[in-house]
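Open the structure in your viewer and keep the selection tool at hand. We will go stop by stop.

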Amino acid sequence: MNTLKTILSGLCLLCSLLLSAQEKNTQAELPYSNKIEVSDRALESLFLAPENISVELAPGFRINGKIENKSDHGNSVISILIKLNNTEGSMLSISRYKDPQGIIYYTGHLLKLHEPDGMMLVEKDKRYYFIETQQRFLVTE
Amino acid sequence: MKKYFIHIIVCLLLCLHVNVFAQSPLLNSYSGAAATVYLDFDGAEVNGTIWNEQGLIHAAPSGLSAASITWIHKLISDHFKLFNLNITTDPAVYERAPIRQRTRIIITPDGSWYGQVPGVSAIGSFIWGDDTPAWVFMNALGNNPFFIAASATHQIGHTLGLQHQSLYDGYGVMITELSGGENNILSNEAPLMGIPFYKQAEWKDGHPSTGVQNIQSDTAMIAGAPNYIGYRKTGEETASSENAVKIEKQEPGSLELNSSGNYSYRLFDISGRLLTQGNLKTGYNEIRTNPISTGVIVLQWSGESISGAQKIIN
């Protein structure tokens with residue numbers, strides 16, 4: 001009986017290891033050097049802001065800039081592109097989309113071409129983070 | 001009389017203009033699919049994207065012949081025939097595709113606004129929903145159609161979320177970010193997401209540039225979340241492949257072929273000059289060509305749901 005339990009436990013462990021290995025096969029598993037949590041409300045405020053924008057996404061993480069482009073695809077996807085003043089030439093591209101169940105998601109990137117690092121907005125367990133990572137994982141040749 | 005003469009001149013000028021700025025042939029690899037990759041050979045003005053740090057980008061038309069475009073489209077489509085994904089050269093098809101399941105690859109001569117590279121893209125932009133394009137820069141590829149197709153396939157892979165396939169040593173230290181298939185010198189295969197130019201390039205399962213601890217299955221990532229493209233249904237692949245039109249006999253001045261459906265066809269020489277065009281019916285067909293049309297010719301065919309092309313050595 002104990003042997004059976006040991007085998008079953010081993011199998012469970014093996015399955016969980018396999019599953020965790022599969023989970024690594026996603027884009028969200030990027031190595032990162034820093035991460036900043038941002039709230040849904042802060043992200044939503046970007047979409048409500050005027051052309052000249054100044055929004056604090058998190059303590060010490062403020063977006064100052066100008067909306068360069070806004071596209072609206074039937075309200076299911078709204079995308080904005082903000083040229084930042086406080087990090088010269090950087091662009092924040094952020095999209096808000098609503099799935100058929102009405103749940104809202106956000107994707108986004110903060111980049112300056114040819115810089116070594118960039119930021120990507122990721123969602124984990126219904127919380128959003130800007131992770132700082134090597135830009136070659138975000139824009140590449 | 002003078003009035004008619006002016007009308008004729010205007011018409012001729014218009015025709016000339018249309019010919020010079022003619023759009024690419026409208027090709028679709030798998031029209032039934034909603035998810036779409038648009039190969040844009042016609043030039044573009046791009047603004048309002050992450051590429052526009054320095055303002056508007058004027059991308060010149062590729063200047064490629066219809067035959068070369070058809071051939072490049074076929075090479076790229078072949079790499080995606082496993083997937084429920086349409087590779088198109090038709091801008092209207094792109095416009096109709098779901099906003100979070102589409103991407104545009106701009107194939108243009110000059111990339112000096114970015115740098116001397118064969119192409120560039122934003123990883124995962126297929127689902128961004130803001131029409132961020134990816135780029136292939138022909139001058140950096142020697143304007144070679146094979147290299148252009150390989151680079152475009154590589155950039156499409158990036159837009160679908162794929163990182164580079166890399167090579168690591170036994171201790172997990174990266175030897176090279178872009179694998180060229182060096183780990184097996186006896187093999188003629190290389191990863192499409194490595195250096196896809198000098199060996200038979202394919203999608204691979206391997207260790208991506210994000211670390212040796214990660215496994216990237218190219219095909220699983222393309223088909224799965226967050227792209228949700230999926231695979232073609234079994235049996236559809238053969239119907240949409242080059243088998244749809246099969247050349248049975250080839251002689252100077254004549255091509256005999258079997259067609260699986262009713263298609264329109266066009267035959268070009270390698271410089272893009274139209275040799276002949278017409279319709280194929282299901283079953284046996286014969287195409288008469290000029291007997292002096294020797295060398296490489298390209299047969300392009302298209303139907304309601306599928307299209308394709310074949311290179312023929314005459």
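In which loop of chain B is Tyr228(B) found? Select Tyr228(B) and look at what flanks it. The loop runs between helix 5 and helix 6 of chain B. Keep in mind throughout that this is a predicted model.

**Stop 1: two loops of chain B**

Stay on Tyr228(B). Its phi is near 50°, a positive value in a residue other than glycine. Tyr228(B) counts as partly exposed, because 14 C-beta neighbours lie inside 10 Å.

Now select Pro226(B). This proline also belongs to the loop between helix 5 and helix 6 (236-240) of chain B. Check the peptide bond from Ala225(B) to Pro226(B): it is cis, with omega near 0°.

Next, select Asp131(B). You are now in the loop between strand 6 and strand 7 (134-137) of chain B. Asp131(B) is not a glycine, yet it has a positive phi of about 60°. Is Asp131(B) buried or exposed? The answer falls in between: with 19 other C-beta atoms within 10 Å, Asp131(B) is partly exposed. The cut-off for buried is 20 or more.

**Stop 2: a sheet of 3 strands**

Select strands 14, 15 and 18 of chain B. They form an open sheet in the order 14-15-18, with antiparallel pairing. Strand 14 (245-251) and strand 18 (283-288) of chain B each have a single partner strand, so one side of each has no neighbour in the sheet. On average, neighbouring strands here are turned by 25° against each other, direction ignored.

Zoom in on strand 15 (residues 254-259) of chain B. Antiparallel to strand 18 of chain B, it is joined to that strand by 6 bridges. To see one pair, select Glu256(B) and its bridge partner in strand 18 of chain B, Glu286(B).

**Stop 3: the core**

Which residues have the most contacts inside the largest nonpolar core? Select Leu39(B), Leu85(B), Ile105(B), Ile107(B), Val136(B), Ile148(B) and Ala152(B). The core has 87 residues. Helix 2 (residues 66-79) of chain B gives the most to this core, with 6 residues. In soluble globular proteins, nonpolar side chains tend to be buried together.

Centre the view on Ala152(B). Leaving aside residues up to four places away in sequence, Ala152(B) touches Leu39(B), Ile76(B), Ile105(B), Ile107(B) and Val136(B).

**Stop 4: where the chains meet**

Show both chains. How many residues does each chain bring to the contact? Chain B brings 30 residues and chain A brings 30 residues. On the side of chain B that touches chain A, strand 6 (119-122), strand 13 (216-217) and helix 5 (218-223) of chain B each supply at least two residues. Strand 6 of chain B has the largest share, 4 residues. This side of chain B divides into 11 nonpolar, 16 polar and 3 charged residues.

Now select strand 9 (residues 139-140) of chain A together with strand 6 of chain B. The two strands pair across the chains in the antiparallel sense, over 2 bridges. Look for Val139(A), which stands opposite Ala122(B).

**Stop 5: chain A**

Hide chain B. Chain A has 2 helices and 9 strands. Of its 141 residues, 27% count as buried.

Select strands 1 to 8 of chain A. They form an open antiparallel sheet in the order 1-8-7-6-5-4-3-2. Strand 1 (34-38) and strand 2 (52-58) of chain A stand at the edges, each with a single partner strand, so one side of each is left without a neighbour. The average turn between neighbouring strands of this sheet is 30°, direction ignored.

Follow strand 2 of chain A into strand 3 (residues 61-73) of chain A. They run antiparallel and are joined by 6 bridges. The two form a hairpin with 2 residues between them. In the turn, Gly60(A) has a positive phi of about 80°. Glu56(A) has Arg62(A) as its bridge partner in strand 3 of chain A.

Add helix 2 (residues 40-48) of chain A. This helix lies across several strands of chain A, among them strand 1 and strand 2, and runs at about 175° to strand 2.

**Last stop: Lys83(A)**

Select Lys83(A) in strand 4 of chain A. Lys83(A) counts as partly exposed, with 17 C-beta neighbours inside 10 Å. Beyond residues up to four places away in sequence, Lys83(A) touches Gly65(A), Lys66(A), Glu68(A) and Met91(A).

Methods. Residues are numbered from 1 along each chain as its sequence is written. Chains are lettered from A and ligands numbered from 1 in the order in which they are written. This is a predicted model: local features need pLDDT of at least 70, side-chain atom pairs count only at pLDDT 80 or more; totals for chains, interfaces and linings use all residues. Two strands pair if DSSP finds at least two bridges between them. Axes are lines fitted to C-alpha atoms, for helices over the stretch in contact, and angles run from 0 to 180 degrees between N-to-C directions. Two residues are in contact if their C-beta atoms, placed from the backbone, lie within 7 Å. Ala, Val, Leu, Ile, Met, Phe, Trp, Tyr, Cys and Pro count as nonpolar, Asp, Glu, Lys and Arg as charged, and the others, Gly among them, as polar. A residue is buried if 20 or more other C-beta atoms lie within 10 Å of its own, exposed if 12 or fewer, and partly exposed in between; C-beta atoms are placed from the backbone. A nonpolar core is a set of buried Ala, Val, Leu, Ile, Met, Phe, Trp, Tyr and Cys residues joined through C-beta atoms within 7 Å.
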